[in-house]
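Hi,

Here's the structure I said I'd pass on. Have a look at it first, then read on for what turned up.

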Amino acid sequence: FHITQHLSNFHEPVVQRKIVAILWMSPIYSLTSFFSLIFPSSDGYLAVIKDFYEAYVIYNFLSFLIAVLGRGNREAAVSVLARHADHLTPPTKCLSFCYHNHHPPPDTSAPQAMASAVLMECLILAMQFVLVRPVTTILWFVTDTVVDDEVDYDVDNDDGKFWYLKSPHFYISMIVNISVFLAFNGL
């Protein structure tokens, strides 16, 4: 219903296209979950579709924020942020090679440089998830189909205490969790 309302009242296409793409997440999640229950053998394939769309939604949400701030124009979004530069948290030092925070271009003011650096950090942190999530999903799928999950771990002896450390899924999950943390911190 919400999607059809946006499509029938398409007055802000730059913003509403992003909203519609984000709203499609719910039907896609519900359909992939439903078909996973009906066809359990296709669960891995459906998870790939769901996770790829999840990455696409994060990209669209970031695009939505820029569209709301600057009508799709990055420089207009930076100008809006620069007006509120005193409320912005300075970007982390580890990403300083990606922006010119310490040496702003001569035609920009210090708040303009700060706003540009903050927006660049948001872009980097969100876009790493957009790249990492599909890769980890494919790795999970491959390890799920190739690696034998029926490995017998003896959890009663001392070697079995940390049996999960032998699983590739543990490391993939850690990468995904770190990526999610960074992405939501950036957003």
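Let's start with α2: the cover over its buried residues includes α1, α3 and α4. Those buried residues are Val-15, Gln-16, Lys-18, Ile-19, Val-20 and Ala-21. Keep in mind that this is a predicted model.

Just before α2 there's a loop, running between α1 (2-8) and α2 (13-23), and Phe-10 sits in it. Is Phe-10 buried or exposed? Neither, really: its relative accessibility is 34%, so it counts as partly exposed. Leaving aside residues up to four places away in sequence, Phe-10 touches Gln-16 and Arg-17. Gln-16, you'll recall, is one of the buried residues of α2.

Next, the surface. Leu-31, Phe-34, Phe-35, Leu-37, Ile-38 and Phe-39 make up a nonpolar patch there, and together they have about 620 Å² of accessible area. Phe-39 from that patch lies in the loop between α3 (25-38) and α4 (43-70). It is partly exposed too, because its relative accessibility is 45%, and partly exposed covers values from 20% to 50%.

Then there's the inside. The largest nonpolar core has 19 residues, and Leu-88, Ala-115 and Leu-119 have the most contacts within it. Two or more of its residues come from each of α4, α5 (74-82) and α6 (110-146), with α6 giving the largest share, 9 residues. If you want one residue to click on, try Leu-119: not counting residues up to four places away in sequence, it touches Ile-66, Arg-74, Ala-77, Val-78 and Leu-81.

Cheers

Technical notes:
Residues are numbered from 1 along each chain as its sequence is written. This is a predicted model: local features need pLDDT of at least 70, side-chain atom pairs count only at pLDDT 80 or more; totals for chains, interfaces and linings use all residues. Side-chain values use heavy atoms; hydrogens and water are left out. Helices (H or I, at least four residues) and strands (E, at least two) are DSSP runs, numbered from the N terminus. Buried means under 20% relative accessible area, exposed over 50%, partly exposed in between (1.4 Å probe, protein chains only). Contact means heavy atoms within 4.5 Å. Patches are made of residues with over 30% relative accessible area and no salt bridge: like charges are joined within 9 Å, nonpolar side chains (Val, Leu, Ile, Met, Phe, Trp, Tyr) within 5 Å. Accessible areas come from the Shrake-Rupley method with a 1.4 Å probe; for residues, only the protein chains shown count as cover. A salt bridge is a side-chain nitrogen of Lys or Arg within 4 Å of a carboxyl oxygen of Asp or Glu. A nonpolar core is a set of buried Ala, Val, Leu, Ile, Met, Phe, Trp, Tyr and Cys residues joined through side-chain atoms within 4.5 Å.
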